[in-house]
There are 2 protein chains.
Amino acid sequence: MPEINLKFFISDAQYSALDSCYEFFRKEIKMKIVKYTDIEPVEFNNEVAMGIKARILIGKNDGAENFCMRIFKIAENGYTPRHTHEWEHEMFIHSGRGEVLDGNEWRPVSPGTAIFIPGNVEHQIKNSGSEPLVMLCIIPSGVPEL
Amino acid sequence: MPEINLKFFISDAQYSALDSCYEFFRKEIKMKIVKYTDIEPVEFNNEVAMGIKARILIGKNDGAENFCMRIFKIAENGYTPRHTHEWEHEMFIHSGRGEVLDGNEWRPVSPGTAIFIPGNVEHQIKNSGSEPLVMLCIIPSGVPEL
C-alpha cells in the first residue's frame, strides 16, 4: 500500500491542549458498583443453551486484567451447554436450585454453593427448580467474555 | 553440608508398586462442589477488621491457578479493613445490606450488587443492616488467600 507521511508543527499551547484531550479520553480505571439487574442481558435460547440471560458484571472494559465476572440467570427448565474448554470456571449459586453434571452424575446445588470446574473438564448446569437459577461464573482473562 | 548418596536396586514389581503409590498421592485436580457454610471459617475480630468470618471457597489447594474465590460473612456493625493494595477485588453481594467506601463517599450495596475495586484503590466495606452481610471477593493468584 502507498505510504503517506504527514508532519504538523504546533505551538506549545496547542500541544498542551491535545495532551489534555488525550488525558480526558484515556480510560480511567475506577471503582465500579452495579446491580446486575441494571445490565442489559444477552439471551441464549436454543437447543444448546436454553433459557439463559447472560451479563458481564466486571470485565476488560472495566479495566479488569486478570479475570472476568459474569452472571447467568437460567429460567425454569433451562440449561447451559454441555461442553469442555481449556479454561476453568469458578461459580457461585446466588439463588434458585439446580444440578451440575460431574462426570456421569448430576449433583444438586443451591444458594451458597461454590463450584470449581477445572480446565478440560466437561460440564453443564441446569435449573431443576421452579424459580430462576442465578449463578456467578468467573473466568480467566483472554478467553471470550460471553 | 555433608552429602549422602543412597542407591537402591528394586525389582520391576516393586517399581510398579511405588509408581502406583505415587499416582495415588499425586494431587488430582477435579470438580469441587461445596456449600460455603460447610467450610470452617477464620475469624477476624479486632479494631481493624470487626465481626468477620472468612472462608476460602476455591483456591490453590483445589488447583485453581488464576484466581481465588473467598466469601466473607460480616456481622451487624462489622467491617473490613480500610486499606489499599496492588491487586484488584471483584466482589458480589450474596445477602444482607452494606456500604462500600468509594473515595470519600459510602455507597450502598445489596444482594445482586457487583463491585470492582481496581488495584491501588483504597476500600472498606461495612455492614449497615441488621442481618449478616455475605459477600464474595475474588482475587488474583499469587497474593495471600486470606
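Let's start with strand E4 of chain B, residues 67–79. E4(B) is mostly covered, with 10 of its 13 residues buried. Buried has a cut-off here: 20 or more other C-beta atoms lie within 10 Å of the residue's own, while 12 or fewer makes it exposed, in between is partly exposed, and the C-beta atoms are placed from the backbone. Strands are DSSP runs of E with at least two residues, helices are runs of H or I with at least four, and both are numbered from the N terminus.

Before I go on, a word on the source. This is a predicted model, where local features need pLDDT of at least 70 and side-chain atom pairs count only at pLDDT 80 or more, while totals for chains, interfaces and linings use all residues. Residues are numbered from 1 along each chain as its sequence is written, and chains are lettered from A and ligands numbered from 1 in the order in which they are written.

Back to E4(B). Which strands does E4(B) join? One is strand E3 of chain B, residues 50–58, antiparallel, through 7 bridges. Two strands count as paired if DSSP finds at least two bridges between them. Ile56(B) has Arg70(B) as its bridge partner in E4(B). Another is E10(B), again antiparallel, with 8 bridges. There, Lys73(B) stands opposite Val134(B).

Now follow E10(B), residues 133–140, to strand E5 of chain B. These two are antiparallel, over 5 bridges. Ile93(B) has Met135(B) as its bridge partner. E5(B) covers residues 89–95, and 6 of its 7 residues are buried. E5(B) also joins strand E8 of chain B, residues 113–117, by 4 antiparallel bridges. In that pairing, His89(B) is matched with Ile117(B). A general point while we are on strands: in a regular strand, side chains alternate between the two faces of the sheet.

Next, the core. A nonpolar core is a set of buried Ala, Val, Leu, Ile, Met, Phe, Trp, Tyr and Cys residues joined through C-beta atoms within 7 Å. Which residues touch the most other members of the largest one? Met135(A) and Met135(B), out of 58 residues. What does Met135(A) contact, leaving aside neighbours within four places in sequence? Phe72(A), Met91(A), Phe92(A), Ile93(A), His94(A) and Ile125(A). Contact means that the C-beta atoms, placed from the backbone, lie within 7 Å. In soluble globular proteins, nonpolar side chains tend to be buried together.

Let's step back to chain A as a whole. Chain A has 1 helix and 10 strands. The helix comes at the start of the pattern, and the strands follow: α-β-β-β-β-β-β-β-β-β-β. Of its 146 residues, 32% are buried. Take the contacts in chain A between residues at least 6 apart in sequence: 66% of them join residues at least 24 apart.

Now the two chains together. How many residues of chain A are in contact with chain B? The count is 36, and they meet 36 residues of chain B. E8(A) gives the largest share of that side of chain A, 5 residues. By class, the side has 22 nonpolar, 6 polar and 8 charged residues. For those classes, Ala, Val, Leu, Ile, Met, Phe, Trp, Tyr, Cys and Pro are nonpolar, Asp, Glu, Lys and Arg are charged, and the others, Gly among them, are polar. Strands also pair across the chains. E8(A) joins strand E1 of chain B, residues 32–35, antiparallel, by 4 bridges. Ile115(A) has Ile33(B) as its partner.

How are the copies related? A rotation of 180° with 0.1 Å of shift along its axis superposes chain A on chain B, at an RMSD of 0.3 Å. So this is the relation of a two-fold axis. In chain A, the C-alpha nearest the axis belongs to His94(A), 3.1 Å away. The same surface serves both copies, since 100% of the contact residues of chain A recur in chain B. The superposition is by least squares, on C-alpha atoms of residues with pLDDT of at least 70 in both.

One residue to finish the tour: Asn66(A), in the loop between E3 and E4 of chain A. Is Asn66(A) buried or exposed? Asn66(A) counts as partly exposed, because it has 18 C-beta neighbours inside 10 Å. Leaving aside neighbours within four places in sequence, its contacts include Ser141(A) and Asn66(B).

Last, confidence. pLDDT is the predictor's confidence in each residue, from 0 to 100. Chain A averages 91, and 88% of the residues score at least 70. For the complex, the predictor gives an ipTM of 0.83 and a pTM of 0.83.

Key
Two residues are in contact if their C-beta atoms, placed from the backbone, lie within 7 Å.
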